[in-house]
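Subject: Structure for your review

Dear colleague,

Please find below the structure that I agreed to hand over. I would be grateful if you would read the notes after it with the model open beside you.

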Amino acid sequence: MNRHQLPTGLPEYRFPVDPWRLVERVYSNDDLGLTETLFALGNGYIGMRANPEEGREAHSHGTYLNGFHETWPIMHAEDAFGFAKTGQTIVNVPDAKLMKLYIDDEPLLLASADLDSYERSVDFRNGVLTRDMIWRTPAGKRVRVSSQRMVSFQHRHLAVMTLEVTLLDAAAPVVISSQLLNRQDGEDEYHVRSAALGEGKDPRRARKFDHRVLQPRLQHERDNEIVLGYRCANSEMTLACGTRHRIETSCHAEIVTDVGVDLAKTVFTVRATPGDPIKITKLVSYHSSNGVPVQELADRCTRTLQRAETEGNDQLLLEQREWLDEFWTNADIELRGDHQAQQALRWNLFQLAQASARTQEQGIAAKGVTGGGYDGHYFWDTEVYVAPFLAYTMPEAARKIVRFRWKMLDAARQRAREMSQAGALYPWRTINGEEASAYYAAGTAQYHINAAVVLAMRRYLEASGDIEFMSHEGAEVLVETARLWVDLGFYSSNGSQTFHIHRVTGPDEYTTVVNDNFYTNVMARFNLRYAARTVRFLASWNPEAFAQLCRATDLDVGELDDWDAAADAMFVPTDEELGINPQDSEFLDLEPWDWETTPPEHYPLLLHYHPLVIYRHQVLKQADVVLAMYLRSERFPVEQKRRNFDYYDPITTGDSSLSACVQAVVAAEVGYEEVALEYFTRSLYLDLCDSHGNTADGVHVASAGGVWAGIVHGFAGMVEQGDHIEFSPRLPSAWEGVTFHLLRHGSRMRIDLDIDGLTLTVLTGSGVPLKHNDESLLVTVDEPYRILRD
């Protein structure tokens with residue numbers, strides 16, 4: 001039972017419903033952190049929070065580059081062998097969004113401005129943030145101010161901004177100061193404030209730095225181009241950022257540029273006359289590296305800006321629209337019968353595009369590139385919640401995600417050695433591949449991340465058919481993760497020989513360092529069996545690749561039998577009396593949590609109770625057993641799912657953003673329509689309504705992936721079986737219908753879900769293998785297939 005208030009959608013007086021846009025009609029300073037996140041733009045590499053061009057009113061000014069981070073020593077009050085040593089935190093890079101406006105030398109300040117009209121919107125179809133307003137200046141002059149901001153999906157290193165100013169009724173001097181500002185100098189007023197917002201005991205927020213992070217290395221100005229270059233003090237990562245401008249106006253204009261170490265300004269002074277627009281286009285480029293010299297990165301910025309200038313703004317906007325047209329063709333979900341939910345659904349899908357489009361084999365951080373929450377770290381979230389969406393809608397992006405984990409395999413091997421284990425152990429939270437979790441009980445102890453990595457690879461293979469990937473990079477990961485499980489667990493003979501895994505933590509971080517966590521054991525069993533089966537297939541299908549795998553990993557074929565034996569003997573906690581699966585071997589012995597005396601303001605519990613208090617009770621932060629039943633759905637009969645759901649749902653707080661979407665899927669599977677819709681609604685509006693109180697720190701990207709899963713796996717009931725797919729439709733009665741598309745092995749299909757069932761139509765490709773009512777068939781382009789609701 002989720003203990004957080006059920007969201008009811010955005011207030012329509014301020015945020016009117018639009019199926020393809022998020023729109024704000026009333027400006028407010030009261031929730032800047034929220035709206036900076038909701039209207040943020042990104043492409044998987046560059047992320048820009050929706051700070052106003054004027055740059056003054058802000059909760060947290062933010063521009064982020066995926067993977068660009070500073071390192072710092074983790075200081076443990078009481079250290080121990082194997083504790084994480086090096087922290088990593090994403091860096092807020094120089095801000096190019098600033099385009100400050102002055103009329104009669106009076107600045108535009110939204111907090112106090114007299115506005116005749118105001119609208120800000122982000123359009124999901126073109127990926128452009130637009131703001132339009134009419135401002136009455138202190139002198140009483142009316143001015144139309146329009147701006148656009150775009151982070152390019154087509155060009156990884158490019159952002160484009162425009163500011164257009166038109167005096168409506170009187171002439172006036174107009175000054176526009178376009179800036180590139182590094183806020184890491186420790187003296188900027190906001191730098192201090194931003195750091196303070198990250199302090200305190202909330203582990204979800206980013207760490208503040210106690211030193212100057214970005215060390216100046218380059219400043220240049222030439223031919224209408226400015227470039228600033230920096231190197232991080234500790235990580236030694238390098239960065240260059242550059243700008244170019246173009247002004248279009250019939251009015252007289254003067255341009256002055258000034259370049260300093262932390263601030264570069266291009267100032268436009270215009271003698272403006274009524275009805276004559278002043279339009280400034282600003283091209284921005286960012287390039288970063290693990291150590292490429294700053295000068296080379298500056299040269300790359302120059303090339304990016306030159307190409308963008310040659311193409312022109314109209315062409316760049318067209319390319320953006322074309323990219324998103326293809327995205328929506330494959331990823332859109334049309335929901336009929338609830339206009340507000342339709343808007344929210346597309347907003348969530350748009351966040352997935354913004355988090356994954358141009359990662360280029362970087363990971364996807366918990367907050368994408370929309371904020372500094374969780375220090376910009378990569379967790380298991382990507383593999384479990386985002387990778388399935390990508391596999392069936394953007395398979396190339398999915399491939400990049402699984403290759404990202406393969407590239408971290410050597411670091412995972414090293415971490416396993418540090419933990420006195422064989423094989424590879426992926427870090428719980430990281431940017432550079434090293435473990436960055438300072439709290440091992442809810443960090444390193446979550447060994448189940450290994451199975452999440454393998455699960456993502458399996459999902460990608462099943463959706464794409466890319467056997468070549470599994471033959472090379474993927475197979476190495478399978479071998480090393482399987483080795484970890486065999487070495488981590490042990491056999492215990494107590495009546496019958498069983499394989500146990502002790503002192504681990506499952507997804508529920510309110511119960512830590514336990515024996516035989518149900519989720520961990522179930523997923524380890526999957527990992528072991530899948531590794532053994534896939535490697536055996538590789539040996540027969542491609543002996544040369546198998547031989548190379550054996551050389552690369554020093555694999556003995558006898559190990560495959562060990563993996564199967566451990567999987568077959570895996571202990572899975574079961575309570576015969578209750579008919580459920582205990583979350584771990586001791587969970588049912590814990591004291592129940594006192595729900596009646598827990599005030600609503602004490603959620604999330606992690607911010608109000610010592611961890612030991614929580615650990616002593618039967619109380620869940622998020623779905624754990626329920627999550628295992630979702631991910632391994634085909635392994636659990638419906639009645640078992642229902643009993644487990646009935647037991648764990650009342651003691652699940654929903655304090656984790658990863659919980660509601662999973663509970664929605666399983667509630668739908670067991671026939672709890674109203675409960676499923678309630679949980680789906682919670683996940684749908686989790687960020688839009690800030691129901692967890694930390695949307696200001698960035699979008700919960702994994703929850704957005706869970707929204708997609710709620711439709712596809714929950715209400716459409718899709719289960720992937722490897723050689724075929726299955727559907728069990730159960731549309732909520734509150735909706736009229738849902739339509740979505742999937743890509744599988746090169747075939748594109750449309751699924752039309754209605755109250756009576758669903759229709760699967762193959763639009764392109766050779767066909768989709770389907771099983772329904774024990775009948776196996778191939779659905780082809782010419783023959784749509786109808787599945788009735790049970």
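The notes below cover the overall form of the chain, its strands and its salt bridges.

Please bear in mind throughout that this is a predicted model.

Overall form

The protein chain contains 19 helices and 32 strands. Its C-alpha atoms occupy a box of roughly 90 × 60 × 60 Å along the principal axes. For 790 residues, a compact globule would be expected to have a radius of gyration near 28 Å, and the value of 27 Å for the protein chain agrees with this. Buried residues account for 63% of the 790 residues. The protein chain exposes about 28600 Å², and carbon and sulfur atoms supply 47% of that area. Of the contacts between residues at least 6 apart in sequence, 68% join residues at least 24 apart.

The nine-stranded sheet

Nine strands form an open sheet in the order β1-β9-β10-β11-β12-β19-β16-β15-β14, and their pairing is antiparallel. Strands β1 (21-24) and β14 (214-222) stand at the edges; each has a single partner strand, so one side of each is left without a neighbour in the sheet. From one strand to the next, the twist averages 15°.

Within this sheet, strand β16 (residues 238-248) runs antiparallel to strand β19 (residues 278-289), and eleven bridges join the two. To find this pairing in the model, you may start from Thr 243, whose bridge partner in β19 is Val 284. Helix α4 (residues 313-331) packs on the sheet, where it touches β10 (128-136), β11 (142-151), β12 (158-167), β16 and β19. The direction of helix α4 makes about 55° with that of β11.

A hairpin

Strands β17 (residues 252-259) and β18 (residues 263-272) are paired in the antiparallel sense over eight bridges. Three residues connect β17 to β18 in a hairpin. His 252 has Arg 271 in β18 as its bridge partner.

Salt bridges

Side chains of opposite charge can pair when their charged atoms come close. In this model the count comes to 52 salt bridges, and three pairs are described here as examples.

In helix α8 (residues 409-418), Glu 418 and Arg 415 lie three residues apart, about one turn of the helix. They form a salt bridge whose closest N and O atoms are 2.9 Å apart. Arg 415 counts as buried because its relative accessibility is 6%, under the 20% limit. Glu 418, at 31%, counts as partly exposed.

In helix α9 (residues 449-464), Glu 462 and Arg 458 are four residues apart and so are separated by about one helical turn. The closest N and O atoms of their salt bridge are 2.5 Å apart. Glu 462 is buried, with a relative accessible area of 6%, and Arg 458 is buried as well, at 8%.

The third pair joins two helices. Asp 561 and Arg 536 meet through their side chains in a salt bridge of 2.9 Å, N to O. Asp 561 lies in helix α13 (residues 558-568) and Arg 536 in helix α11 (residues 518-541), so this pair ties together parts that are 25 residues apart in sequence. Asp 561 is partly exposed, with a relative accessible area of 49%, and Arg 536 is partly exposed at 33%.

Finally, a network of salt bridges links Asp 410, Arg 413, Glu 476, Glu 480, Arg 483 and Glu 559.

With kind regards

Key: Residues numbered from 1 in each chain as written. Predicted model: local features only at pLDDT ≥ 70, side-chain atom pairs only at ≥ 80, totals over all residues. Heavy atoms only, no water. Pairing = 2+ DSSP bridges. Axes fitted to C-alpha atoms, helices over the stretch in contact; angles between N-to-C directions. Contact = heavy atoms within 4.5 Å. Rg over C-alpha atoms; globule rule 2.2 N^0.38 Å. Buried < 20%, exposed > 50% of the residue type's maximum accessible area, 1.4 Å probe, protein only. Areas by Shrake-Rupley, 256 points an atom, 1.4 Å probe, with all protein chains shown as cover. Salt bridge = Lys/Arg side-chain N within 4 Å of Asp/Glu carboxyl O.
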